[in-house]
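Reader: I'd love a close look at one small part of this fold. Please walk me through how its sides differ and what surrounds it.

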Amino acid sequence: MGKKSRLGNQPAGQKEKAAERRVKALDLRQSGLSYRKIAEQLEVDVATVFRDIKDSLAELKAVEETEAEELRIIEVARLDAILNAMYNKAINGDQGAVDRVLRIMERRAKLLGLDAPSKTDVTSGGQPLTFKVVYADEVKSLDADGSDTD
């Protein structure tokens with residue numbers, strides 16, 4: 001029986017091989033290969049390739065989210081520093097400073113997601129929208145403007 005790793009019941013080196021396979025699978029997918037072709041090339045089944053690519057994309061997304069959060073923290077700190085510098089001028093009546101403070105506050109709220117989402121009217125002239133399901137065989141009976149010809 002093979003040597004076991006310290007990370008559980010997997011044989012030593014298997015976790016590294018899987019990580020290497022995920023990188024290769026993602027590279028091949030980015031180059032345009034189908035899941036089936038990647039599976040053939042890596043000598044694994046299609047489900048493994050699909051899972052590897054899905055896991056790789058999830059890891060990349062997590063890294064991007066972490067980096068975005070770090071950048072958001074830096075940007076908020078910068079805005080706070082500018083706000084602190086302008087606040088006393090604004091409080092003492094400097095109209096230009098008031099405008100700048102308000103713009104900084106708007107930007108800060110946007111970065112932090114503090115503003116309530118704006119509502120969008122999804123009606124047609126105040127009336128609820130209606131939709132009609134059109135099946136493929138019915139498409140032929142529609143004229144160019146989308147109305148029934150029957």
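**A close look at helix α2**

Author: Let's start on the outside: Arg36, Glu40 and Gln41 are exposed, on the face of α2 that is turned away from its buried side. Exposed means over 50% relative accessible area, buried under 20% and partly exposed in between, with a 1.4 Å probe and protein chains only. This is a predicted model, so local features need pLDDT of at least 70 and side-chain atom pairs pLDDT 80 or more, while totals for chains, interfaces and linings use all residues. Residues are numbered from 1 along each chain as its sequence is written, and side-chain values use heavy atoms, without hydrogens and water.

Now turn the helix over. Across residues 35-42, the buried residues of α2 are Ile38, Ala39 and Leu42. They sit on the same side of α2 because they cover an arc of only 100 degrees around the axis, taken from the directions from the helix axis to the C-beta atoms. These buried residues pack against α1 (14-30) and α3, where contact means heavy atoms within 4.5 Å. Helices here are DSSP runs of H or I with at least four residues, numbered from the N terminus. Just after α2, Glu43 has a positive phi of about 60 degrees.

For the wider setting, the largest nonpolar core has nine residues, among them Val76, Leu79 and Ile104. α3 (46-91) and α4 (95-112) each give at least two of its residues, and α3 has the largest share, five. Another core, of eight residues, lies apart from it and includes Leu26, Leu28, Ala39 and Leu42. Such a core joins buried Ala, Val, Leu, Ile, Met, Phe, Trp, Tyr and Cys residues through side-chain atoms within 4.5 Å.
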